[in-house]
Structures are given as structure tokens and as C-alpha cells.
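Me: Please take a close look at one part of this model, the sheet in the smaller-lettered partner's neighbour, chain B, and then place it in the wider picture. I would like one connected answer.

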Amino acid sequence: MENQIFYYDNKIVKNFAYATLFWGVIGMVVGLLLALQFIWPALSFGIPYTTFGRIRPIHTNAVIFAFVGNGMFTGIYYSLQRLCKARMFSDLLSKINFWGWQLIIVFAALTFACGITTGKEYAELEWPIDILVAVIWIVFGWNMIGTIIKRRTQHIYVAIWFYIATFVTIAVLHVTNSLAIPVGLFKSYPIYAGVQDALVQWWYGHNAVAFFLTTPFLGLMYYFLPKAANRPVYSYRLSIVHFWALIFLYIWAGPHHLLYSALPGWAQSLGVVFSVMLIAPSWGGMVNGLLTLRGAWDRVREDPVLKFMVVAVTAYGMSTFEGPMMSTKTVNAISHFTDWTVGHAHIGALGWNGFLTFAVLYYLIPRIFQTQLYSRKVANLHFWIGTLGIIFYAVPLYWGAITQASMWKEFTADGFLKYPNFLETVTQLKPMYAARAIGGSLYIVGIILGVYNLVLTIKAGKFLPEEGASAPALAKAAGKRGSGEGIHRWLERRPVQFSIVALLAILIGGIIEIVPLYLIKTNIPTIASVKPYTPLELQGRDIYVREGCYTCHSQQVRPFRSETERYGEYAKAGEYVYDHPFQWGSKRNGPDLSREGVVNGPQYRPNSWHYNHMMDPQRLNQQSIMPAYSWLISDDLNITNTAKKIRVMQFLGVPYPPAYDSKANDDLMVQATGIANDLKSQGIQVEPGKEIIAMIAYLQRLGKDVHSANLPTASVIRK
Amino acid sequence: MEMHDHKNIEKDELTGDKLLSGHDYDNIKELDNNLPKWWVWLFIITIVWSVVYIFVFDVIKVAPYQQKEWENEIAAAGVPAQGQISAAIDTTIIALTDQASLDEGKAIWQKQCKVCHLEGGQGLVGPNLTDNYSIHGCEYWKVVKVITIGVPEKGMISWKTQLNDADIKKVASFTMTLRGTNPPNPKAPQGDPCK
């Protein structure tokens, strides 16, 4: 058959590569600022836009979706065209994908800084931007599937299987987790509440790790590693087995983020076992990658691209072993809510994603600029500084996590908590936090060396925007399986069927876990004393969400003696039924707050304490790392949206009385005046219309309903 | 795994492994080595472990769910020592004066008390403890009582769940030494003058 001449679009690859470098530096520098705030809380600068709760989502989203996301697009746009022997389906769609994605990132950074957030981790974007994400993601998928369909190769390679799984799964996850009812342009309430919201969120959150940070990068590994090593892939059959096992099993594992929470026991068990079963399928990718290097290990010593790849794949193997271990209840009791999780996440992000992204960039930038990498020495320096950075980042956090978890759990001989003041367990970790900041700084130095090296490579080279290639047109193949053609081999030349099978594989786990929480009432036993928030408390809760309090404070007391002694009653599924969104949190940089309002409880603080604490936490305790929230005291509470908020809540099934929306602000003012008067009696003059009043009202509500329920367990604790 | 064209068997030069014919993707070739034995066993073991786990926890339910775990833990811990002195407070007790006890009392103060009464006891959220006034009584035994059972409605929590009898006495004794110290920025006097 006659060869057709066509051109690969390198311009889109170049654009994504530049964006990767740009956002990578920004995302990591914001991360460093967060790390330094653990040591010097004054680095919040006393303004809302730079406090921890607001910039933590900027860091996580920038690294995941901006740095790794653009890196993923760079690699996919480069490899997909070459694996399909075809230019991208549409240059216009490529451009929309690129510019749309950058626009989303800019919107994300601006809205998070302004406190516009849904309060759901890694899914903080508000609804208009969520819609934009969905549209751009569909554009990406459309462009990709279109390219695959007009390919000039008979079969689709394993890298493309992973790209397809990435596309279909992220689409399903993003849309399902983002379903919400708008209150206004910048505020919405998720349709899920409490336990259901938690499960949907962590089904999303865990699988964002799986299908945004893992599967596309396995695809990139399958293309760039054999290309860079010039070696054949070790085992085709291993790639089939581990691909399908991985995508089928991964989707079930979300509940491991909710062990010892109020999630029903059976769902927790599923989270445990599916995580443990993931070890082998995950390692399948590592094994196929490392064994592909058989016979090329001498080159690993010399070629920085391969060096980065080997450490990336090894980090992948480490974190995919560590993950399942953290998913067992024994380890999770220690690792959850501590810096262990943070260390684990960064082995993945810095080692696997970061190093593989730079391997890809070091591979393809010299090629599209028709030159050699500017300096192998600088690349090697980047490699060693980066590797050291990862170690210095993670090891202190593991050490700190075990230290802190032990302190939380330690009792005196008399049966009292040895460290009843949470702050003591934070102060103890300050040296670890300093070491972590040094590790992160080293990694950033490496990144800057990388950028320098690539910029000089680009300057020395000549960009090739249209790269000519030729291949025969794809002969029309029979739709049915040929004799002797295996099912999988057949599926590999039917990309649409392949996508459908992949979609089915990832739907099963989610459906089996999520649907019963809606249909079977016993999963979330109701508690009669649990009532909807008052309008003032609801407004206060929205401020709590806005400021990202959940990034440091959990609202989930685990059923451990050490936690019921420290906080009070352990968490019950029925207490969260009006929480749109849930605010359980995943990390305790400060104490759990879910029993804050229990007057006889160990966590209770009077209104005046909260006022003084928000104004200047260090005045009450010099060691505190809590940032000041003085603007809550000066800013007026916006009550123009109270009625709308009540109506949306009613629509979502929260049982406010009929027509309550019109009376809500009256009740709000009565409650606010009560709190202002109480503060006045303590010598604090503050108008009832300030945000601080709503915040105090919300904090003082936390846990009250459950403790007034006289549940059987309550009497066991405090006889 | 599947049939391939066997006419032109190509081999990988370095390892001698057979290359799959028809598998050429942008010059990436594929071998078809067997799944590593240890890997297959690892997978099988995790699956068997999972089946056993679900069977034990969720089918025959002989292993405890977390609520039961918690009850067991509480039972094993026994009734905490807390709360013994609240029932009958001895009004004849006198403040400790030995330096060791006062130092320990000060250490507790630093951890627990200063967050409301401030470092020097000048008061902020809680009352000033350095002046000659008191809301709940100036006598040592009354200070012990307030620390022990608290005044929850005013924000003074009961410390009997966090401090034992001896520690409460130490910190109360330390508190007594603050009276008359005149730290900067004191909170205005509250309550009644001490005799």
C-alpha cells in the first residue's frame, strides 16, 4: 500500500511543555510557602488570600492539575500522534484543550485565593469552573478518540489503553462528584450530604490519584521508557493482565480514606481488601518497566532520562506498596490524620509524577528542537538534588507522624491522656517541619536547574513545528475476530469497544459501594436530636468552608479511647445528614472540632475565647501555628443570600419549616445579638452583623446534637 | 496467550527472547515473557487474604467492627482514676508550698491554663488570677474545686478528666502564688474581694 505523508503537530506539545514548567515552579513554590507557615505562622501575612486554608488548595491543584496535568498532556500529545501514525484529529480542539486548561488553572488560583471553594479536597472548584473542566475534558477525549479512529496502525498500543481509561474514568468521577445546586455564581451546595458526600468525595479523591496521577503516567512510561532505552517491552501479556486488574480494582479502594470513620463497616472492609489486592496490579507496571531495561542498565548510568525514569518507577513501586499498607486498619490508625499521608502523597507526586514528567521533557524537548540536551551534567545534578530532596522531604514526615500518633495515644498510669493539649504534639514536630521545608527547597532547586537546562536547550535548537512522517493508510479490517485472533488482540483494533469495556470495568465498583448508601436506610441510622443548622450557623459553616478550615481540622472523632477521651463521643453516621458538604477533613494540624460546642466536653471554649483566638492565636499560646483571622472580626456577614441558601437546602431535603426562608434572617439576628451580648458581658464590643459572630455560632453548635442524644455510648465514657 | 504469525520469528538480540510479530508501535517492540511467578503468587495471596478478610469481618462477623473494638478498649482500660475528689471536697486542705510541686504546677499551667488566663495569670478569656478578687472564692480548697468540677457554662471546663488529684492540687497551689504579682495588662477585677 502506498505511503501517506503527514505531519505531527509539535507546537501543541511545545505549548504544553512550557505550561508544565511554568506551573510546576509556581505550584511548588506555593507548597514551600505552606511548609514554612508550619514554622512561622506569620507568613500568612495576616490577609485572607495567603492564609493556609486558602493556599493549600492552590498548591494541591496547581501541582496535580496544572503541573502534572500539563505534563500528562505534553506526553500524550507527543506519543499519541506517533503511536497512531497520525496528526491530532483537530488542531482547533488541541488549541481549545490547551488554552481552556490554562484558563481553568488561572480561574482556580483566583477563586481559591478569594475563598470560593466547595470545600471538597482536590475538587474545590465551584460549579461554573467545574462545567468548564467537564467541557475541556470532553474536548481532550474527543480529540484523542478522533485521532485513534483515524490512525494508520492496526492495533492500539498499551500506552493508549491507559490514556483511554484515564479519559473515561476522570469524566465519570468529575461529573458525579461535582453535582451541586448553585446558591449563586460562586457558591453551591453538593447534592450529597455527610457520609454519602464523604464516600462520593473519596471515591473521586482516591481515583483522581488513580486515573489522573497513575494511569496516564503508566501510559507515558510504556511509550517513553522503551523509546529512551531502545528496548522491547518485557511482557505483552503482563501488560494486559495488570492493565485490566488495575482499572477494575482501583475504583473500589476509595473507602480506605474513611477507615474508622462513620462509614458503614462493610464499605470500610471493601476499601481495605481492594487496596490490598492492588499491590500486584500496581507492581505489574513497575515490573514491566524495570524488566524492559534488561540489557540496558549500563545506559541508565549515563542517560539522565533513564535515571529519572528508574527512580520514578521505583517511587511508584514504593508508594503502591505503602498505600495498601496504609489501607489496613492497623496502620491507618497511625497514618491517618498525620503527616504520614502527606509523606506518602509526596513520594508519589515528587518521585513518580515529578521525575517521570522531567524524564519526558528531557526526552522530547531536544527532539522537537532538533538538538541535544544542553547539559548532561546539569541534568545529573538535577537528578541527585531532586532525589535527595524527596528523601529529606518524606523521612522527617514519617518520623513526625509516628511521633505525633504515639503522643495522641499515650496515657498516664492514672488513665489520663499524657498530652491532653493537642498543641504539644504539634510543637514537638517543628524540627521535622523544618527538615521537610529543606527537602522541598532542594527539590525546587532541582526543578530550577531543570528549567535552566531546558531553556538553554531550546535556545540552542531550532523548533520543528511540523514533523514529517509517512505510513501506509490503514487497510480496512474485518469487524469480526479473525481465526486465531485472541479477544484482546481484536479489542486492540476496536478502540470504541475498548473504551466501552473499560468504562464498564470502572463503573462496577463505584456503583456497588455508593448505591446502597442511598437505598438501605440502616447504613445511616438517624439520630432524632440531630437538627438542621440555624441560619446563623449555616452562614458560619459557609465561612468555615470558605476559609478552608478542613485543611487543618477534622470533624471526625474515631472510636479510639485516646480520641473519645480527648474530644468526646465518637462520630456517628446520623449526625452528618445535613452537612452539604461534609467537612471531615483528612489531616489534623490542629485538633478535631466536631465536639467543640459540647459545654461539658473536654474541648469546650467560651465565645470570648473563640473571639480572642481568631483575632490573635499566638496571644493565647505563643506556640500555636494557627493563622490569625482578624478579617472575620472586621467584615460584615453577607445575609442577602440567607433565604436562597435555606431554599436550596430545602430542595436538598433539609427539613426547615415551609416558608422558613422569609423568616430566616430574623432568627439569624436574634441568635447573633445573643452572642454579641455574651461577648459584651466579657468586655468585647462587636456588632452582631460581623462574620465572627456566625463563625462562633457554628463552632458552638458542633457536637451539641449528638451529645444531647444520650446515646448508649455516651454514658460509657463519663460515668 | 494467543496465536501469532510464526513464519518470521524475530528475536531480541540481547536476551534471545522472542519478539511478538505485528507488535511494532512507533518502533517499540514487545516481548511476551511469562508473568513472573512471584508476581502471580503475590496476586493470588492478596486475593485469598481479601476473601478471608471479608468472610471473617462481614460474613461470619467473628472479628469486631470498630464500635466493638472501642468498647473492648474502654473495658480493658478500666474506669479512669478521674473524678474521685469531686464527690466530697475536703475544705481543710492547704496549698502545697514545696518548690518541686510548684514547679510541676507551673508546667501544667503553661500547657493548660495560660491559653485563657494568659502566661502571668493576668486574665483575658478567663478572669485575672493575680488581683485580690475572685468569682468563685479565694480559698485554696475553692480553687481546687473550680479546677476539678469546672464552671462549664462560663467556659471553665472540668479538669478532672485530664488531670489527676495530685496534679490539680499542684496547679491550684501554683495559682495561689500568682496573687499579688501585678503582671502587665491585667483584666479588670471580677467577683468579690478576698478577705
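Reply: In chain B of this predicted model, β2(B) and β3(B) run antiparallel and are joined by three bridges. One of the pairs across these strands is Leu19(B) with Leu31(B), the latter in β3(B). The two strands belong to an open sheet of three, ordered β1-β2-β3 in chain B, with antiparallel pairing. Its edges are β1 (10-11) and β3 of chain B, each of which pairs on one side only.

The sheet also has a part in the contact between the chains. There, 57 residues of chain B meet 56 residues of chain A. On the chain B side, the elements that give two or more residues are β2 (18-25), β3 (28-31), α1 (37-59), α2 (66-77) and α3 (99-117). The most comes from α1(B), with eleven residues. Sorted by class, this side of chain B holds 32 nonpolar, 13 polar and twelve charged residues.

The domain assignment of chain B lists domain 1 (37-77) and domain 2 (99-193). Taken over C-alpha atoms, the centres of these two domains of chain B are separated by 49 Å.

Chain A is also assigned two domains: domain 1 covers 3-477 + 491-513, and domain 2 covers 535-717. Their C-alpha centres lie 34 Å apart. In the contact between them, domain 1 of chain A supplies 44 residues and domain 2 of chain A supplies 50 residues. On the domain 1 side, the elements giving two or more residues are α2 (52-84), β2 (180-184), β3 (187-190), α6, α13 (339-368), α14 (376-409) and α15 (422-427) of chain A. The largest share of that side, five residues, is from α2(A). By class, the domain 1 side that touches domain 2 of chain A has 24 nonpolar, 14 polar and six charged residues.

Between two of the elements just named, β3 and α6 of chain A, runs a loop that holds Tyr192(A). Tyr192(A) counts as buried because 25 other C-beta atoms lie within 10 Å, and the cut-off for buried is 20 or more. Apart from neighbours within four places in sequence, the contacts of Tyr192(A) are Asp197(A) and Val200(A). As a distance for scale, Tyr192(A) and Gly46(A) are 34 Å apart, C-alpha to C-alpha, and 146 residues apart in sequence.

Next comes the nonpolar interior. In soluble globular proteins, nonpolar side chains tend to be buried together. Here the largest nonpolar core has 194 residues, and the members that touch the most others are Met309(A), Ala312(A) and Ala359(A). Helix α6 (residues 194-229) of chain A provides the largest share of this core, 23 residues. Ala359(A), setting aside neighbours within four places in sequence, is in contact with Phe224(A), Val305(A), Phe308(A), Met309(A) and Ala312(A). Another core lies apart from this one; it has 35 residues, including Ala672(A), Leu679(A), Ile693(A) and Ala697(A).

To return to the starting point, β2(B) and β3(B) are joined by three bridges, and both strands are among the elements that give two or more residues to the side of chain B touching chain A.

Note on methods:
Residues are numbered from 1 along each chain as its sequence is written. Chains are lettered from A and ligands numbered from 1 in the order in which they are written. This is a predicted model: local features need pLDDT of at least 70, side-chain atom pairs count only at pLDDT 80 or more; totals for chains, interfaces and linings use all residues. Two residues are in contact if their C-beta atoms, placed from the backbone, lie within 7 Å. Helices (H or I, at least four residues) and strands (E, at least two) are DSSP runs, numbered from the N terminus. Ala, Val, Leu, Ile, Met, Phe, Trp, Tyr, Cys and Pro count as nonpolar, Asp, Glu, Lys and Arg as charged, and the others, Gly among them, as polar. Two strands pair if DSSP finds at least two bridges between them. Domain bounds come from an automatic or database domain assignment. A nonpolar core is a set of buried Ala, Val, Leu, Ile, Met, Phe, Trp, Tyr and Cys residues joined through C-beta atoms within 7 Å. A residue is buried if 20 or more other C-beta atoms lie within 10 Å of its own, exposed if 12 or fewer, and partly exposed in between; C-beta atoms are placed from the backbone.
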